[in-house]
Amino acid sequence: MVHALELTDIGRRFGALHAVRNVSLTVPSGQRHAILGPNGAGKTTLFNLVCGDFPPTSGRVVAFGEDMTRRPASHRARIGIGRTYQTSLLFTGLTVIDNLLIAIRGARKGRLSLVPSASNGQDIRDATVLAERVRLAHRAHHEVATLSHGQRRQLELGMALACKPRLLMLDEPAAGLSPAERPELNQMLKDLPGEITLVLIEHDMDVALPISDMVTVMKDGEIVVQETPDRITDNPIVNKIYLGQGHG
Amino acid sequence: MTLARTLLLTGTAGLGILCLVPLALFLALPENQALFWIGNILARALIYGIIALSLTFLATYGGFVSLAQMMVAGIAGYVLAMTVQGAVPVIIGGFGYPMAILMALLASVLAGLAVGAIAVRTNDIYLLMITLALAVGFYRFVESNIDLFNGYEGIRNVLGPDILGRRFRDPMVFYTIASGTALLLYLGVLFLVRTPFGLALQGIRDNPRRISALGYNVVLHRIVAFGIAGFIAGCGGVLATIYNIGISPGSIGLGATINLLIMSVVGGLGHPVGAFVGSLIFAIFDTFAASLYDRDRFNSLIGAVFLVIVLISPDGALGLSRRLGRLLRGKPKPGAPPA
Ligand SMILES: Nc1ncnc2c1ncn2[C@@H]1O[C@H](COP(=O)(O)OP(=O)(O)O)[C@@H](O)[C@H]1O
Ligand SMILES: [Mg+2]
């Protein structure tokens, strides 16, 4: 069985800064994989490398058995890699439904269509279902500029789900959420279909550990520990670099 | 509301306004004055409104402010004047109006695509600069290639085809054609922005990084948007050339380019109807202020009007009327947190 994601010795430099160095990571299909680590550890950069925002300066990215290293970001959306961004990247001048429509259509052909396509009605139904799934049905026809922070995070998740991802990559989905909004997000993550492979960056162990099968801890651009969630909190290195400085 | 209903309602309303205004003018004014309004002010507002619509379309839905739209209109105008039978002097000549207009529109689409391709990686002030450079460069090219474009004198005697036995430049005939074209293009824009293409274009405006990550080809969408804007500008260019009975470098120079930007900004870049609001305000000022003062004072006057509108209302006359409406109804600003 091919793995959802196989990273071989990937690295990325920004000038003198070595943001990600020699990271090798295998995520089997269907796994819930959490990536932890202090700020600046290189977690988001690692995501950007996987999603093709920029190419790695070394190493190889393979997703579902296909070499992605030099492929553009758009190609990955089409083969079923969905992602969210640490800071929401939404189309603020458009409504919730329009945001979802754009995301739904992005994953297939006919994107340049100058006439509403035959699938238009189906697209709108799909977008409505997605809006319900991320609990935004009541805001479906509101402009994104009028949404609260929590609602924007929910929409981020909806956009990532729109390409019917096989691999879903979430960058700190709980960032900035109020304590009241967190259980709702946790529930949404738990409700994800089992066949979706999930890679989750999360600062907060209380969010990450209950839903993950495997935990990778990064620091200074490197992987320092890889453990199952039940053993991660006992790991002395983790305690020193991660728990030692406080979290949440 | 479905797209079809929106278009139907807007179309009916637009048609109503375009028919009622001349009717009201005939009722309110002596015939020769009414014809003056229709032929000199409304017709001009419609022509330049169409060209401004191409700018507003790109700015409102793509976030691209292009200063090359007057140039693109001029390319259509020159192609028409160079190819059509009867124009003086004969440059190429020999084509009837239908064919010459078709070639003119084709040229404007190609020119639009070319501008889009050249400026495809630039945004904001850099896009403004590169399109301005193109416009000025084209102006200099036209002015200095006398064999091709007949220098500053330009090409004259482009009268337009006869329509049902009446002259194209008959005020009522011209007005009918210009308003029909304007309405169709306006509805076309409203339709286009609800298509998958149009939605993606707005996505590019809001967040180019996200839209390409979602699988869209930003480069292709941008170039096509400029091509469509080229077609709109070309329609305006053809009408303007017939309206002016020809074309000369002066009508596509820096002044014309800036006037077009002023119309668009004065009308408001928030909605395509702003193009026509702005061009109407401009045409009225241009007509009456020029007769009150001399030409140079007109420029200061329109400059002052521009400043006042932009200072009071950054989104132009449209924003101004929306603000007034909200003030009168006592509604909160959009975007304000819901109570
Ligand atoms: N596009 C970029 N250009 C330059 N430096 C960057 C860029 N992206 C990230 N970095 C740097 O790389 C390091 C890792 O950042 P990041 O991957 O965002 O960390 P994390 O997500 O783990 O907090 C940081 O020092 C950051 O400043
Ligand atoms: Mg980060």
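The exercises below work through the pockets, cavities and ligand sites of a predicted model.

Residues are numbered from 1 along each chain as its sequence is written, and chains are lettered from A and ligands numbered from 1 in the order in which they are written. Because the model is predicted, local features need pLDDT of at least 70 and side-chain atom pairs count only at pLDDT 80 or more, whereas totals for chains, interfaces and linings use all residues; side-chain values use heavy atoms, with hydrogens and water left out.

**Exercise 1. Describe the largest pocket by its volume, its lining and the elements that supply that lining.**

Step 1: a pocket is, on a 1 Å grid over the protein atoms alone, an open set of points with protein on both sides within 12 Å along at least five of seven lines, and its lining residues have an atom within 4 Å of a point. The volume, which is the space filled by probe spheres set on points joined across faces, edges and corners, is about 1,300 Å³ for the largest pocket.

Step 2: 39 residues line the largest pocket, and the closest to its centre come from both chains, namely A:Gly93, A:Leu94, A:Asp98, B:Arg194 and B:Gln202.

Step 3: helices H3 (96-106) and H4 (120-133) of chain A, with H1 (3-28), H2 (31-62), H8 (196-206) and H14 (316-329) of chain B, give two or more residues each; helices (H or I, at least four residues) and strands (E, at least two) are DSSP runs numbered from the N terminus.

**Exercise 2. Set out the class make-up of the lining in the largest pocket and in the second largest pocket.**

Step 1: Ala, Val, Leu, Ile, Met, Phe, Trp, Tyr, Cys and Pro count as nonpolar, Asp, Glu, Lys and Arg as charged, and the others, Gly among them, as polar.

Step 2: the lining of the largest pocket has 17 nonpolar, 13 polar and nine charged residues, while that of the second largest pocket has 17 nonpolar, three polar and no charged residues.

Step 3: the second largest pocket, of about 540 Å³, has B:Ile17, B:Leu18, B:Leu46, B:Val273 and B:Phe276 closest to its centre among 20 lining residues, and H1(B) gives the most to this lining, with seven residues.

**Exercise 3. Characterise the largest cavity.**

Step 1: a cavity is a set of grid points where a 1.4 Å probe fits but cannot get out, and the count comes to five cavities of 30 Å³ or more.

Step 2: the largest cavity holds about 140 Å³ and is lined by 15 residues, with A:Ala77, A:Ile81, A:Gly82, A:Arg83 and B:Ala213 nearest its centre.

Step 3: by class, this lining has 10 nonpolar, one polar and four charged residues.

**Exercise 4. Which residues coordinate the magnesium ion (ligand 2), and which polar contacts does ligand 1 make?**

Step 1: with donors taken as N, O and S atoms within 2.8 Å of the metal (3.2 Å for Na, K and Ca), and water not among the atoms, so that sites may look incomplete, the magnesium ion is coordinated by A:Thr44 (OG1) and A:Gln86 (OE1), at 2.0 to 2.2 Å. The two residues lie 42 residues apart, A:Thr44 in helix H1 (residues 43-51) of chain A and A:Gln86 in the loop between strand S6 (81-83) and H3 of chain A.

Step 2: for ligand 1, oxygen atoms lie 2.8 Å from a polar backbone atom of A:Gly40, 2.9 Å from a backbone N or O atom of A:Lys43 and 2.7 Å from a side-chain N or O atom of A:Thr44, each pair falling under the polar-contact limit (N or O atoms within 3.5 Å).

How values were computed:
A polar contact is a pair of N or O atoms within 3.5 Å; within protein, one must be able to donate a hydrogen and the other to accept it, and residues adjacent in sequence count only if both atoms are side-chain atoms.
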